Amino acid sequence: MKALYNYLKEVAFAFVSLANGLLLTLKYFVTPWKSIITENYPDNRDHPSVADEFAGEVILIHDENNEHKCTACTLCQMACPNNSIQIISKQVETEDGKKKKVLDQWVYHLEMCTFCKQCIDACPQDAIKMINSYELSCFDRSTLTKVLNRPGSKLKEKAKVTPKVQE
Amino acid sequence: MENQTVTPSELKTEEFVVNIGPQHPATHGVLRVEVTLDGETVKDVLPHLGYIHRGIEKMTESLGYKQSIFLTSRMDYLSAHINNHLCALAIEKAAQIEVPARAKAIRIIMDELQRLTSHELWWGSCAMDIGAVTPFFLGFRDRERILELFEQNTGNRLTMSYIIPGGVMNDVRPDFVPKLKALLKSIKDYRKEYDQLITGNYIFQHRTQGIGVLSKEQAISLGCTGPTARASGLSCDIRKLYPYDGYEKLDFKEVIDYGCDNWARYVVRMEEMSQSIHIIEQLLDNLPTGDYRTKLKGVLKLPAGEYYQRVESARGELGVYIVSDGGAKPYRMKFRTPCYSNLGAVKPISVGMKIADLMANMATIDLVIPDMDR
Amino acid sequence: MISMIQFSDVTTWIHQLLSSCMAPWLVFLIELVVAAVAAVVALLVCVIIMVYMERKVAGHMQLRHGPNRVGWHGLCQLFADIIKLLLKESFTPTRADKLLFTVAPVLSLCVSLLALAPISWGPGLVLWNTNIGVLFVTAISSMGVIGILMAGWSSNNKYALLGAMRSGAQIVSYELSAGLSIVTIVALAGTLNTGGIIESQANGWWVLKGHLPAIFAFIIYIIASTAECNRAPFDLAEAESELTAGYHTEYSGMQFGIFYLNEYINMGVVAMIASTLFLGGWQPFYLPFDFPLAHAFNDIMALKFMETWPAWISWVSLAWPLVWFFGKLFLIIFFMMWFRWTFPRLRIDQLLKLEWKYLLPLSIVNLVIVALFIVLGLHF
Ligand code: SF4
Ligand code: SF4
């Protein structure tokens, strides 16, 4: 008798537990407007749910006068764990006749970048930052190697005197 | 010969070898498991590693200490924060760097959130290995909420490189605490759904209870750690045994179960999720203010010597052994990863079981392949 | 369905029309082809709806949208998939048994289509009105395993072989309890003819008026038939986390498509049988109680009020049984999908234990009880 009771109890438990799970999926099924979490990606391009802080790509900050703050000190290049950054500098002669190193090309290999933000951390001038771009795929790998300083841009004069402020 | 009848026991049967993996839905990565089968019964299990070996340990020897940290996120990508934490701790210990209280608190919050994401993903994939597909999506849904929080505060979703020697990379957003509180509340609701859908499910219970028994002695001799070993009654929570970054001040339970089977491992992980929520809640109410990092020199040099540090990752004891010759680069960096040791448990608990149980065993041990191979 | 236009009127009219201008054998041939094509087309339409339904059900249960790119709410997704499958190469592994490998999907498709013959879709709308209808379906559907075994054996793949062996064990054992629960209803209805069984439910579906045994038989049949269709939670033959894709691992292109189609046809057949036996087939809902409200309800359900309407409207009533038939069909199919997207999979020994230790003894006891009911005259 005891065995039969236990047997029936088990069968009842099995049915109740299975029905419990069924109820949950039914709840999701009948309330799709509440439960669906998928984003219709290409349709919501205008208002993507990407956080502003998302580290998508390194850029060199330019202001409205087409000036950047990079002094070509190559600290970021050294900090980068996988050589995604190449700072190509050139020697120019200033008006007072001194030789000076200025940035020629800030080459960024997006295809190798791991978005670790070590370069941002290392830059003493806060010249670079990461932006939240997210559609980075392309057909040709070589288009991912970018020169970040815009043509004709030059060093912001004040940048040399302001030391890095800790945020 | 014609008149001889063959009884079933005399029938010549053959064992055959099946390769589960490297590409297989149940191995969650490129693990190859060579299984010898007798019909449906598993006779032998032989895991082959190396399909995702990237030489991380060797790579660190040519990178600086700071630069090596980003590589560790790629070992166990499901607990990237914890891996980063490990490296940061080891370097701090060696270079005697003081870490601000706020950084410590943020680190622990991130670690526990990471543990939650890892266990939620594990819950989904474990249920999927046992045949239920829907939980996989539920697990991902809940993990996604935490990943969004990571994205907002650390900039990345999976491989954060957020915890660095001296603190954390950047401060959390001002709305971090209220958002996290709301999140924890919804995670608790999700937990109820987990129980409704899978924990209470009769089929699931019968697929896991009494299957894959790993005795305490086996767990010790195989070097198992983490929830896998704690489900066999072995107390091995590094957060309790060798507390770091203020775990000693927090109130939480080390979850131990004596069931030794798949069900025990399941229960331990589910309970650990509650404990993680509990830990975060304690820290949230009085998050220390102040600095979030100690500024370090550009190039970090450790004094010559050997250093070992361990943390409790989502899968078990994660350790790093650093040999420094005083230079800017480590002489040797050796990681002790939990999955590699836990993988050893697959064979002893699966032999003699059905092939479906092998999948369940591998699922509840929670293998992350890049963590084994490095 | 009294005194209104019947399907048999339509078919008789067609028959007379054809006979008036053709030789009898030609009439027979044309009727055969037309009927077969009509049934297969109807079934294919059902399959299309089922596939779409499965994707949407799965999607919504898993917090997704399901297909929503091709056409309005993804309605054309299946057609896109069919085109893709047709354009893909049907690859045969080098060391596979070529003949069996090619024959296997076709064979399983034929077998599942054959099972359609004695199904009664509406009053008088039956391809082969035979007095062994249900027996025929049971006999034919057990042949489905041959196609699966063939596919598993011939692909020369260990996963496929394991999957095929599993499915063999599974289908052969679950046939027993499915058969016994069918016999329960056959005993109650007193006929094997599908039309006859449906007629016997004019005063209430068996699942309602057959007392507890009929309900038990219904539950057992649903479980057993889910297993026979290799649907989750009994999808061991294609358990994707263990055997990647089970017996059709090696199939690609349209050969895979046929197996896929086959799965849905099997589901359809099983659901049709279940609705015929337990839910009254095309009979509308009937309350087997004796009080005025129930009578009024039953009259409305039987479209009694339409009798006084002009004759041309009664053409509309032709669709009424079909609505019920397909409604029940898709209800049962929805249940099978619901199970699939909720439950974990059973292990092979648990599967066999469930059948041999629980379902089979239960259905035998059930059958005995039903026999007692009938002998004692307790049933309606
Ligand atoms: S984010 Fe990291 S990998 Fe990318 S450029 Fe900066 S330092 Fe290099
Ligand atoms: S970006 Fe910053 S760190 Fe890099 S070279 Fe320019 S100033 Fe130096």
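The radius of gyration used here is taken over C-alpha atoms, and the globule rule to which it is compared is 2.2 Å times the number of residues to the power 0.38. The structure is a predicted model, and chain C is a convenient place to begin reading it. For a chain of 380 residues, that rule puts the radius of gyration of a compact globule near 21 Å, and because chain C has 22 Å, its value agrees with that of such a globule. Taken along the principal axes, the box filled by the C-alpha atoms of chain C is roughly 65 × 55 × 45 Å.

Within chain C there are 15 helices and two strands. Of the 380 residues in the chain, 51% are buried, and when one considers the contacts between residues at least 6 apart in sequence, 77% of them join residues at least 24 apart.

The ligands lead the reader to chain A. Ligand 1 is surrounded by 13 residues, and the closest include four cysteines, A:Cys80, A:Cys113, A:Cys116 and A:Cys119, together with A:Lys117. By class, the shell of ligand 1 comprises eight nonpolar residues, four polar ones and one charged, and the ligand itself sits in the second largest cavity.

Around ligand 2 one finds a run from A:Cys70 through A:Thr71, A:Ala72, A:Cys73, A:Thr74 and A:Leu75 to A:Cys76, joined by A:Ile87, A:Trp106, A:Cys123, A:Pro124 and A:Gln125. This shell around ligand 2 holds nine nonpolar and three polar residues, with no charged residue among them, whereas the shell around ligand 1 has one charged residue.

Definitions and conventions: Residues numbered from 1 in each chain as written. Chains lettered and ligands numbered in written order. Predicted model: local features only at pLDDT ≥ 70, side-chain atom pairs only at ≥ 80, totals over all residues. Heavy atoms only, no water. Near = heavy atom within 4 Å. Nonpolar A, V, L, I, M, F, W, Y, C, P; charged D, E, K, R; others polar. 1 Å grid on protein atoms, 1.4 Å probe; cavity = no way out; pocket = protein on both sides within 12 Å on 5 of 7 lines; lining within 4 Å. Sits in = over half its atoms within 2 Å of the grid points. Helix = DSSP H or I, 4+ residues; strand = E, 2+ residues; numbered from the N terminus. Buried < 20%, exposed > 50% of the residue type's maximum accessible area, 1.4 Å probe, protein only. Contact = heavy atoms within 4.5 Å.
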